[in-house]
Amino acid sequence: MSDIFLYDTASRSRRRFVPADPQRVTMYVCGPTVYGPAHIGNFRPAVVFDVLFRLLREVYGADHVAYARNFTDVDDKINAAAAQEGVDISVITERFTKVYHDDSAALGILRPTFEPAATAHMAEMAAMISGLIEAGHAYQAEGHVLFSVKSHAAYGKLSGRSLDEMIAGARVEVAPYKKDAADFVLWKPSKPGEPEWPAPFGAGRPGWHIECSAMIASTLGETIDIHGGGIDLVFPHHENEVAQSMCAHGKPLANYWLHNGFLAMGAEKMSKSLGNVIRPSELIARGIKGEVIRYGLLTGHYRAPLDWNDKLIEQSRKALDRLYGVLRRLGDVEPADRPVPGPVLEALGDDLNTPKAYAALFEILARANKAGTHEEQANAKGELLAAGRVLGFLQENPDSWFGVDGLDGGMRARIDALLTDRQAARVNKDYASADALRTQIDALGVLVDDTPEGPVWRMKAIEEA
Ligand code: AMP
Ligand code: ZN
């Protein structure tokens with residue numbers, strides 16, 4: 001079995017991954033709040049943890065990994081959006097859950113095993129809160145239930161901050177009914193007209209943190225192997241999840257904590273409040289494929305910040321064109337049934353080192369391109385496809401990737417012949433002929449890109465022609 005090492009935020013160290021039960025490896029990632037469409041920064045964790053999900057499935061078996069990613073469908077922003085349209089919150093949350101699923105599919109993100117919605121787990125949240133009140137970890141004040149951070153000595157351990165630092169550094173809401181400024185809301189009354197749910201301690205709605213704690217326990221169990229999310233969630237969200245779950249169950253919430261860095265544009269984090277967001281569907285409308293966006297999101301190591309720009313998109317498209325170009329050339333070769341090549345698994349097992357995995361992928365590509373015998377070609381193609389599967393690439397038919405699936409065989413043969421002649425003219429340093437052939441190729445509406453593996457061509461899109 002191939003080794004996996006992960007950088008664990010809680011211990012601030014790289015640790016060998018050992019699941020509590022290899023028959024059921026568990027992972028939870030905090031999902032979106034469905035009040036509006038998610039931007040590609042929000043999709044960075046979704047893509048990163050999708051790669052980890054695929055890797056775990058590869059190593060432990062597809063049926064032995066349980067992955068849950070929630071939908072937060074109770075929230076002030078959802079209430080505001082519903083009020084503005086004069087509709088029930090479910091109209092808003094169902095609309096944006098669908099958008100999230102569509103965007104995820106475009107980015108090659110697999111559906112997690114469980115996708116719990118907060119509104120479907122209200123009873124579990126209420127039960128957990130009742131338990132915390134009984135155990136003296138939570139108290140009621142002015143219709144609210146608050147978690148008492150002083151009741152839990154380990155509070156602050158995950159983020160490594162002292163209580164004073166936490167209060168100073170985070171926008172912890174100051175409220176007169178709090179015993180301690182760092183105490184956080186488990187349950188609060190709804191405002192008139194807002195949705196509310198019954199609970200033994202008064203009707204209302206849950207705080208954000210308790211939602212995840214309850215959904216983790218009910219979908220995966222009281223202690224899970226891996227908990228993930230964006231770096232901004234370490235404090236207060238994950239610190240509070242840990243405190244609630246630990247105090248409710250007397251067990252650690254997760255054995256490994258993973259956090260991805262931000263996606264930035266220029267010097268700034270991509271965020272809705274700054275207004276510098278791009279949605280996947282906007283890029284797709286510009287003719288940029290989902291796999292290209294995914295490739296771009298995985299170009300850097302997941303813990304480092306990543307800058308999103310047009311150059312990154314162009315490089316990602318070119319890289320995938322090279323991969324699909326060789327697959328197209330090997331179109332008639334039946335791929336051998338091959339496992340994911342060792343160097344790719346090793347790279348991903350090295351704390352999800354996707355840049356290293358890309359390098360390994362291109363080594364397989366070079367081998368596929370040079371393969372002489374039919375057997376070498378079949379093996380290299382099989383390995384390329386297996387590596388693509390664990391990374392979530394090369395899922396498309398090469399002809400459709402290049403937009404030539406509708407082209408008839410005669411036209412195809414003609415273009416290939418012109419390209420072969422042009423290559424030959426270049427080799428003979430007959431540049432006049434090469435240029436003339438290039439003009440002929442152009443006139444057919446064909447766009448040629450020269451790659452280290454040879455030329456790849458596609459039909460020009462209408463606006464390019
Ligand atoms: P939100 O909808 O803001 O709660 O974010 C959902 C997830 O996306 C969280 O895990 C955030 O940490 C993550 N996230 C938000 N913005 C970015 C960004 N610019 N880059 C990377 N992750 C982000
Ligand atoms: Zn969460």
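**Loop residues, sheets and the ligand shell in a predicted model**

Leu394 is placed in the loop between helix 13 (374–391) and helix 14 (398–401). The model is a predicted one. In this loop, phi of Leu394 is near 60 degrees, a positive value in a residue other than glycine. With a relative accessible area of 6%, Leu394 is buried; the cut-off for this class is under 20%. A positive phi is also found at Lys429, where the angle is near 55 degrees, again in a residue other than glycine. Lys429 belongs to the loop between helix 15 (409–427) and helix 16 (431–443). Lys429 has a relative accessibility of 60% and therefore counts as exposed, the cut-off for exposure being over 50%. Another backbone feature concerns the peptide bond from Phe235 to Pro236, which is cis, with omega near 0 degrees. Pro236 is part of helix 7 (residues 234–249).

The protein chain has 465 residues, of which 52% count as buried. Its secondary structure comprises 16 helices and 15 strands. The C-alpha trace spans about 85 × 50 × 35 Å along its principal axes.

Strand 3 (residues 25–29) and strand 4 run parallel and are joined by five bridges. Within this pairing, Thr26 has Ala66 of strand 4 as its bridge partner. Between the two strands the chain passes through helix 1 (residues 43–60), and the resulting β-α-β crossover from strand 3 to strand 4 is right-handed. Strand 4 covers residues 65–69, and five of its five residues are buried, so the strand is largely enclosed by the rest of the structure. In a regular strand, side chains alternate between the two faces of the sheet. Both faces of strand 4 are covered. On one side Val65, Tyr67 and Arg69 are buried, and on the other Ala66 and Ala68 are buried. Ala66, the bridge partner of Thr26, is thus placed on the face that also carries Ala68.

An open sheet is formed by four strands in the order 5-6-7-8, with antiparallel pairing. Its edge strands are strand 5 (138–141) and strand 8, each of which pairs on one side only. Strand 6 (residues 144–147) is joined to strand 7 by three bridges, and the two run antiparallel. In this pair, Leu146 stands opposite Val185 of strand 7. Strand 7 (residues 184–188) is mostly covered, with four of its five residues buried. Strand 7 is also joined to strand 8 (residues 205–206), by two bridges and in the antiparallel sense. Here Lys188 stands opposite Arg205 of strand 8.

Three further strands form an open sheet in the order 12-11-13, and the pairing in this sheet is mixed. Strand 12 (268–269) and strand 13 (306–307) stand at the edges, each with a single partner strand, so one side of each has no neighbour in the sheet. Strand 11 (residues 263–265) pairs with strand 12 over two bridges in the antiparallel sense. Met265 has Glu268 of strand 12 as its bridge partner.

Ligand 1 is surrounded by 13 residues. The closest are Gly41, Gly230, Asp232, Leu263 and Met270. Leu263 is at the start of the range of strand 11 (residues 263–265). By class, the shell around ligand 1 divides into five nonpolar, six polar and two charged residues. Polar contacts to the ligand involve both backbone and side-chain atoms. A backbone N or O atom of Met270 lies 2.8 Å from a nitrogen atom of ligand 1. For Gly41, a backbone N or O atom is 3.1 Å from a nitrogen atom of ligand 1. Asn42 contributes a polar side-chain atom, which lies 3.2 Å from an oxygen atom of ligand 1. Taken alone, ligand 1 exposes 480 Å², and the protein buries 85% of that area.

Terms used: Residues are numbered from 1 along each chain as its sequence is written. Chains are lettered from A and ligands numbered from 1 in the order in which they are written. This is a predicted model: local features need pLDDT of at least 70, side-chain atom pairs count only at pLDDT 80 or more; totals for chains, interfaces and linings use all residues. Side-chain values use heavy atoms; hydrogens and water are left out. A residue is near a molecule or strand if one of its heavy atoms lies within 4 Å of it. A polar contact is a pair of N or O atoms within 3.5 Å; within protein, one must be able to donate a hydrogen and the other to accept it, and residues adjacent in sequence count only if both atoms are side-chain atoms. Accessible areas come from the Shrake-Rupley method with a 1.4 Å probe; for residues, only the protein chains shown count as cover. Ala, Val, Leu, Ile, Met, Phe, Trp, Tyr, Cys and Pro count as nonpolar, Asp, Glu, Lys and Arg as charged, and the others, Gly among them, as polar. Buried means under 20% relative accessible area, exposed over 50%, partly exposed in between (1.4 Å probe, protein chains only). Two strands pair if DSSP finds at least two bridges between them. A crossover is right-handed if, with the strands pointing away from the viewer, the path from the first strand over the helix to the second runs clockwise.
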